[in-house]
Amino acid sequence: MKCVKKFDAIPKLDGSWKFIDDYSYDDMLHGQLLYSTCHHGYIKKINFPANYNLSEFTMVSPKDITGDNIVPEPVCDQPFMVDKEVMHFGQVIMGIAHPNRKLLLKFIKETKIEYEELPAITDIKECLDNEENHFGKETIIDHRTKKEPKGEWIHHHNVYYTPHQEQAYLEPQGVISVYDPKANSMFVLISAQCPFFVKSGVEAIMGDAVSEVIIESPEGIGGAFGGKEDFPSLFAGISSLLSYKSGKPVKMILERVDDIQITTKRHPARVELDTWTDPITKKIKRCRIDYRIDAGAYQTLSPVVLARGVLHSISGYSVLDTFIRGRLFKSNTPSNGAFRGFGVPQALAAMEAHIDRIAADLNINPYEFRKINLFRIGDEFPTTQKIVEEHLSDCLERVIQKSDYHKKVIEFAEWNKTHKDKKGIGIAIGYHGGGYTGNGEKVLDSEVKVIIDKEAQVKIFVANTDMGQGAHTTLAQMFFEAIEHPREKCWVQLPNTSKTPNSGPTVASRTIYIIGNLLRKFAFQIKDELKFKNLEEYVKTHQNEFPKEFHKKFVPDKSVIFDEDTNVGIAYKDYSWAACVTEILFRADTYKIDLKKNWNVMDVGKVVNEKIAMGQAEGGITQGLAYGLSEFFYKPGFGRANGFTGYTLPTSLDLPEMNIEFIHTDSEIAKGLGEIPMDFPAPSVRNAFHNATGVFVDEYPMIPERLFKALEENK
Amino acid sequence: MKISFTLNKQAVTIDVEPMKRLLDVLREDFNLLGAKEACGEGECGACTVLLNGEPVTSCILNAAHADGSEIETVEGISQTELGKLIIDCFDETNAVQCGFCFPGFFISSYHYIKTDGEKDLNKIKTALSGNICRCTGYEKIFESVMLACERAN
C-alpha cells in the first residue's frame, strides 16, 4: 500500500495545468445555448434584440441537424434541441456563436421567447405522489414467500423523500469543437467523463456530414461526480454543429447559473416502505418497497439509476419475504442523470431511517436492531445472490467500537436532560456493487492498450478519464507495481478516441475495480509472456522487438449471470461495504445541526494508494453529509438556485472531525471506492437528530425550517 | 481607460474597459490562466489573487480596482520560496484532486502563512473558508497547510 504522489499535483497548484477554458484556437468563436424559460408549452416566436448585426452570429436549430435530433442514451427519447414541444425549463432551443463572448451573452439575455404555455409538473411531490404519473416500465424484484403476515408482527409504514442534488463540479461544463473541412472531420476537446459517449453523441447529430469524429480529454477535468457523464453528449453535439456551420472552432463554456439550471441532477426520490417485524425475535419478516424517482422530462439513463437504486433498496438486511417495485416518474424539469451513488443514496436514505424508526418503536437500540437483521454468510439478497462475506458486519462492529457509541448514547441522554441544545449520535450502514449492473460489463467488452517503446517507456491507453479522483496515477501505479518498473517510466495517456481503445465509461466505481485490476493482471501476463525480471534490461537486449503494442480485453467472471427481466441472479460480483457513526449538536435557538464527529469504516478491498483512497472517501462523505444536511434547491424546476450563492456547498467550517478506516485491505482485488462514501453518511445525521430530539425527519435536507416544522408537529 | 499596476512584481500598463472584470484582464490580456472562473459571483474563491497583499475574488472586481495597486497571481507566488514550500506540502499529502479550485486555495494558504502562520487548525479552517472545494472534503488541505506552517516556521 504505497502512497505514490499524483503526477499532476504540482502543475495544478502552480496554475499551469490546462482546463478546457485555458485552450484556444485561432479565429475561434464562442458558443452558448439559448434555452427555454417555460416549463411546458409551444414556442410561438423568438424575438432577437434589435441593434445587433445578426449576420455576425452563427445559429443552429433542429433544421440544421445533419443527423438525428435524438441524444443516444439507454433510452433514446431526448432531443438535442426542442423540436416541437418544450418539455422543461432549460431545454435547449438553439445554439448560437459569435466571436465576442460578452456580446453573445448579452444578446442571449436580451432574446425574448414567446410561448403558448401548457400545464406543467415542477414540484417533486406533485410528480412522485401521483400514482399515474410514471413512464410505464417497472423494475421489480419479487422475493415473496406465500406466507401471510402473522398477527403479532408489527407493521411500520412510512414515506421518505429526497430532493435534487447538484454535482457542483467546480469547473463548469465546457467544450471546444473544431471542424476540419479538408479532412471532413470533427475534433472535440471536452471536459467529460466518457469520451466514447460523447463520440456517439456527436456522430448522432452530425450523421453522414462528417466522416470522422475524434474526442479528446483536456489535461484537466475540473470535477464531474456523474454530472459530466451524459450531458456532454448533448452539449458537444451542439458545439459541433455550430463549428460545422461556421467552419470555425467553437468554444462553449457554460456560465455557472446556466450550468445549475439546465444540466442533470441527482434524481429526487420517494421511497415508501412497509415492514413487518417479529416483536419477540426483532427480526424483520416481510418488506415491501415502492421506490420512485423523478426522471425529469425524459428517461435518458434513468432506468439504469432506477435498477441500481432498487437493487440496493433493502440496505444490508436479510428479509426473507421481500417485494421491491421501482418506477420512473415524469416532471417538466431537466432530465436527471448520473451523480455519485446513482440511486443508492436515495435508497439508503429511506431504509436506514426506517430501521431506526422500527428500533425506536420496539424500544431496542438501533445498533442491536441492525445487528439482528444484518446479512449473514449464506443469506440472500432479494435477487437470490448469496452473501459470501460478513464484512458489512465487521464494518459495523468496528465503527461502534471506534466511536465509543454505547458510552456516548448514555452520556448524551444524560447531558440532554439539563441542556437546551441537544447532542445526538446516529448510525448508518451502506454498500455499493462495483461496476456495471448485471451483464453490463459483458456488453461493454472493455479493452486496454499498452505500448512499450525502445527506451522502455510504458504508455497506457485507456478511455477512462482523470477528473480529479486520481485515476491516472492509480492506474499507472497498479501497472508499474505489478511489472516492477520505475514510476517515471509508466504513464496513462490522455484519452483520445482515435488512439485509445474503448475501455468503457468512467462511471459506476469501475475505473480501478474493472480497469485497474485488468491492468494489474495484464502487467503480470506481459511479464510471464516475455519472461523478464527487469523490463529495462529486457528492452535493452531485445531492441528489435520494440516499440511493441499489447492489447487486453476484460473477461467477466462466467459465474456472473443476471436475468435483467426478472432481476434474479448476481447483480454485482463484488460489493464494497461501509458503516458510519455521526455525532451532532442540535442548536435549540437557531434550529441548526452542527456536525461534530464522524467515524467511517469501509471495506473497499485492496487499497492501492492510501492517500488517494482516503481523499476520495473524505470527499464522498462530505458530499453525503451535505446531501442530508444542507444542499437544496428552493425552487425545483424554475430558476432553482442562482449559482453558488443560493446553492449552499459545505465550506471548511461546516464539517465534522472525520475519522476513516479501511478494513480487509489484504484482499487481492481493489473494489469500487468512488461512490460508496456518498451513499451512507446522510442517514446517520438524520438518525443522530432523532437520538438528540426523539423526532424523525422524513425528508432531506435537514435545514432549520424543516427541523422547526418537525419539532412543532411533534410537540 | 489606461491603468497601471504591478503584476507579479513587474510594472504594467494596459488600455482596458474600466468595467472589465479583473479575472478577464488577467486571463485575456496577460494570458495568466491560473486563476479560474467557477462561480462568477465571488462565492467560491477559484479566482483568488492578492491585491495589495490581501486575497480577493477577481471575478467580482473591475479592472479599475487594479489601477495603482500591486497584484500577485498564482503564477508569481508559485515561484517564491514560500510558494514552493507550500506546493511541496500539498504534493506530499496528495491533497490535490481535480485541481480547479487549487490555485485559489494555494493563494489563501500562502496569505495565511505569510500573515499569521500559526499551526492552528481552527485558524486555518477560517482562513480557507472563502474557498470551496467539491472534491476533497478539505481534510488533506488542512493537513497540507498545517505541514506548511510547521516548515515555514
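This report describes the contact between two chains, the two domains of chain B, and selected salt bridges and residues of chain A. The model is predicted.

## The contact between chain A and chain B

The size of an interface is often given as the accessible area lost when the parts come together. For chain A and chain B, that buried area is about 4,000 Å². Carbon and sulfur atoms account for 56% of the area. In terms of residues, chain A contributes 54 to the contact and chain B contributes 43. Three residues of chain A, namely Leu13(A), Leu170(A) and Ser652(A), supply 20% of the area that chain A buries against chain B, which is more than any other three residues supply.

Charged and polar groups also meet across this interface. Seven salt bridges are counted between chain A and chain B. One pairing between the chains joins Asp91(B) to Lys5(A), whose side chains meet in a salt bridge with an N to O distance of 3.4 Å. In addition, 24 residue pairs are found in polar contact across the interface, with both residues at pLDDT 80 or more.

Which elements give two or more residues to the side of chain A that touches chain B? They are α1 (9–13), α16 (610–629) and α17 (643–646) of chain A. The element that gives the most is α16(A), with nine residues. Divided by class, the residues on this side of chain A comprise 23 nonpolar, 17 polar and 14 charged.

## The two domains of chain B

Chain B is itself divided into domain 1, residues 2–76, and domain 2, residues 80–152. Their contact takes 18 residues from domain 1 of chain B and 13 residues from domain 2 of chain B. The centres of the two domains, taken over C-alpha atoms, are separated by 21 Å.

Between them, domain 1 and domain 2 of chain B bury about 1,100 Å², and 65% of this area lies on carbon and sulfur atoms. Zero salt bridges are found across the interface of these two domains. Polar contacts are present, however: three residue pairs are found, with both residues at pLDDT 80 or more.

On the side of domain 1 of chain B that touches domain 2 of chain B, the elements giving two or more residues are β3 (48–51), β4 (54–57) and α3 (74–77) of chain B. Of the elements on that side, β3(B) gives the most, with three residues. By class, this side of domain 1 has seven nonpolar, six polar and five charged residues.

## Salt bridges in detail

Over all chains, the count comes to 65 salt bridges. The table lists three of them within chain A.

| Residue | Partner | Closest N to O distance |
|---|---|---|
| Glu441(A) | Arg510(A) | 2.9 Å |
| Lys592(A) | Asp594(A) | 2.8 Å |
| Arg706(A) | Glu699(A) | 3.1 Å |

What does the salt bridge of Glu441(A) and Arg510(A) tie together? Glu441(A) lies in helix α12 (residues 440–444) of chain A, whereas Arg510(A) lies in the loop between β19 (490–492) and α14 (511–530), so the pair ties together parts that are 69 residues apart in sequence. Glu441(A) counts as buried because its relative accessible area is 7%, and Arg510(A) counts as buried because its value is 0%.

In the second pair of the table, Lys592(A) is partly exposed, with 40% relative accessibility, while Asp594(A) is buried at 14%. In the third pair, Arg706(A) is buried, with a relative accessible area of 17%. Salt bridges that share partners also join residues of both chains: Asp21(A), Asp22(A), Lys251(A), Arg27(B) and Lys36(B) form one network.

## The surroundings of Leu711(A)

Leu711(A) belongs to helix α20 (residues 704–713) of chain A. Is Leu711(A) buried or exposed? Its relative accessible area is 17%, which is under 20%, so Leu711(A) counts as buried.

Which residues does Leu711(A) contact, leaving aside its neighbours within four places in sequence? They are Phe586(A), Tyr591(A), Phe689(A), Thr693(A) and Val695(A). Lys106(A) stands 605 residues from Leu711(A) along the chain, and the C-alpha atoms of Leu711(A) and Lys106(A) are separated by 47 Å.

Terms used:
Residues are numbered from 1 along each chain as its sequence is written. Chains are lettered from A and ligands numbered from 1 in the order in which they are written. This is a predicted model: local features need pLDDT of at least 70, side-chain atom pairs count only at pLDDT 80 or more; totals for chains, interfaces and linings use all residues. Side-chain values use heavy atoms; hydrogens and water are left out. Helices (H or I, at least four residues) and strands (E, at least two) are DSSP runs, numbered from the N terminus. Buried means under 20% relative accessible area, exposed over 50%, partly exposed in between (1.4 Å probe, protein chains only). Contact means heavy atoms within 4.5 Å. Domain bounds come from an automatic or database domain assignment. Buried area is the accessible area (1.4 Å probe) that two parts lose on being put together, summed over both. A salt bridge is a side-chain nitrogen of Lys or Arg within 4 Å of a carboxyl oxygen of Asp or Glu. A polar contact is a pair of N or O atoms within 3.5 Å; within protein, one must be able to donate a hydrogen and the other to accept it, and residues adjacent in sequence count only if both atoms are side-chain atoms. Ala, Val, Leu, Ile, Met, Phe, Trp, Tyr, Cys and Pro count as nonpolar, Asp, Glu, Lys and Arg as charged, and the others, Gly among them, as polar.
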